[in-house]
Amino acid sequence: MYLKARFAAPLLLSPVLALLGNSPAFATNGYFSHGYGVKSQGIAGIGIALPQDSLAAASNPAGTVLVGDRIDLGLTLFQPKRGADVVGNGFGLNGHYEGNGTQNFYIPEFGYTRHLNQDLAVGLAIYGNGGMNTDYGKNPFAAFGSTGSAGVDLTQLFITPSIAYKLNDQHAIGAGLNFAYQQFSAKGLQAFAPYSSDAEHLTNKGHDSSTGVGLRLGWTGQLTPNLTLGLTWSSKIKTSKFDQYKGLFAEGGGFDIPENYGIGISYKATTALTLAADVQEIKYGGVTSIANPLANLLAGNQLGTANGGGFGWKDVTVVKIGASYDVSQDLTLRAGYSHSEQSIPNSQTLFNILAPGTVQHHLSLGATWKTQSGGELSAFYTRGFQKTVNGSSSIPANFGGGNANVRLEENVLGVAYGWKL
């Protein structure tokens, strides 16, 4: 059985890597996914103190030693609706814009865990960490001189090998390396060439790639027979630069991945009912190209320079609550709700026509059915309710004044199949 599993994992891994490398991910809490693993997403992305499958290390690597020996394969269909309205602009930008030129996104996932002994386990999780996509057939910046369609396409793939150790029957610790691979492209931004430090590397350069590695640490502790706590922390990932877009992103094409951390709790209310919650902090404000306000352009900091204008995003806190109920030995139902603070200030909506990560409220439903062969078939549905951020003096007078109002809503559906080894 061990030899069979050892060779099965690489064979299953190859197609997942191929799909992830070419699948744009579109995320929910800013541009981070609201959860990792189909089971977790069915309970609003909760997972810090509630490991459920071999994707557990994506939330908390301590879970690697708590889920047993298993393989999980999943696929998520993501359908965002994004757009913007520009009002009160004196240079002709006014209008209604839909950024849905691409509508369906398929995001696969893979997880594998294996015990080396009773207290020590290793794992591998491969998943889309997040991303952002807009595709405007009608270019919102055409009145400024842009041509063709406009939009951006950001994809982030994480490969997380992990190791976890049970200190005793109540406590486990874990560590994982987040190997990050990013792809990015931008089009239709010619209007910003006068504000770029390198207009030849601003827009319409096709897809460029970037890589980096970071550390994730975690702990879970069963404080009582029914109560479990968890802590997790992921370092900021310093990635290589997007050289083809060094005239767009600050620091010559820099686009690091923010530090994030969280605390989780799960409580076994009855033998069938588990209540759980996570609180997560995402430090978007610590990444220059994401956090710099667009107004920096007007202070002489061109796009691509160390303090070049950007998207003006803020740090966000995400709160998730949910419940899991075992209807029978073969059927588990899940439900959850999550709320994120708004990452986009009202003053920063012009550039965020390209990246309207505005959704704050998510409602999730999920289920797992144990098959007669011993496998687990899981599914979830998440609704990201429409949120519009209305601009407030968001278009500088140099660009004709007025406001951009940006919006996003989402439907997310996923399925997975997992089995114990």
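1. A good place to start is a pairing on the loops: aspartate 256 and lysine 238 come together through their side chains in a salt bridge, at 3.6 Å from N to O. The two partners sit in distant parts of the chain, 18 residues apart. Aspartate 256 lies in the loop between helix H3 (250–253) and strand E9 (260–268), while lysine 238 belongs to the loop between strand E8 (227–234) and H3. Please keep in mind, here and below, that this is a predicted model.

2. Are these two partners buried or exposed? Aspartate 256 has a relative accessibility of 6%, so it counts as buried. Lysine 238, with a relative accessible area of 55%, is exposed. The cut-offs behind those words are under 20% for buried and over 50% for exposed.

3. Now for the chain as a whole. Its secondary structure consists of 4 helices and 15 strands. The radius of gyration is 22 Å, close to the 22 Å given by the globule rule for 421 residues, so the chain is as compact as a globular protein of that length. Measured out along the principal axes, the C-alpha trace spans about 65 × 35 × 35 Å.

4. What share of the residues is buried? Of the 421 residues in the protein chain, 56% are. Contacts tell you about the fold too: among those with a separation of 6 or more, 70% join residues 24 or more positions apart. On the outside, the chain exposes about 15,900 Å², and carbon and sulfur atoms supply 58% of that area.

5. On charge, the protein chain carries 26 positive and 26 negative side chains. The centres of the two sets lie 2 Å apart. As a general reminder, side chains of opposite charge can pair when their charged atoms come close. The structure holds 11 salt bridges.

6. One of these deserves a look in your viewer: arginine 70 forms a salt bridge with glutamate 376, and the closest N and O atoms are 2.8 Å apart. This pair also links distant parts of the chain, with the two positions 306 residues apart in numbering. Arginine 70 is in strand E1 (residues 70–87) and glutamate 376 is in strand E14 (residues 376–389). Both arginine 70 and glutamate 376 are buried.

7. Which residues join this pair in a network of salt bridges? Lys39 and Asp72 are linked with Arg70 and Glu376.

8. For another pair, turn to glutamate 281 and lysine 283, whose side chains meet in a salt bridge at 3.9 Å, N to O. Glutamate 281 counts as buried, because its relative accessibility is 16%. Lysine 283 is partly exposed, at a relative accessible area of 24%.

9. Two backbone angles are worth checking by eye. Most residues other than glycine have a negative phi. Alanine 44, however, has a phi near 70°, a positive value. Alanine 44 is found in the loop between helix H2 (38–41) and E1, and it is buried, with a relative accessible area of 0%.

10. Glutamate 251 is the other residue to look at: its phi is near 60°, again positive in a residue other than glycine. Where does glutamate 251 sit? Its place is in helix H3. With a relative accessible area of 33%, glutamate 251 is partly exposed.

Key. Residues are numbered from 1 along each chain as its sequence is written. This is a predicted model: local features need pLDDT of at least 70, side-chain atom pairs count only at pLDDT 80 or more; totals for chains, interfaces and linings use all residues. Side-chain values use heavy atoms; hydrogens and water are left out. The radius of gyration is taken over C-alpha atoms; the globule rule is 2.2 Å times the number of residues to the power 0.38. Buried means under 20% relative accessible area, exposed over 50%, partly exposed in between (1.4 Å probe, protein chains only). Contact means heavy atoms within 4.5 Å. Accessible areas come from the Shrake-Rupley method with a 1.4 Å probe; for residues, only the protein chains shown count as cover. Lys and Arg count as positive and Asp and Glu as negative; His and the chain ends are not counted. The place of a charge is taken as NZ of Lys, CZ of Arg, CG of Asp or CD of Glu. A salt bridge is a side-chain nitrogen of Lys or Arg within 4 Å of a carboxyl oxygen of Asp or Glu.
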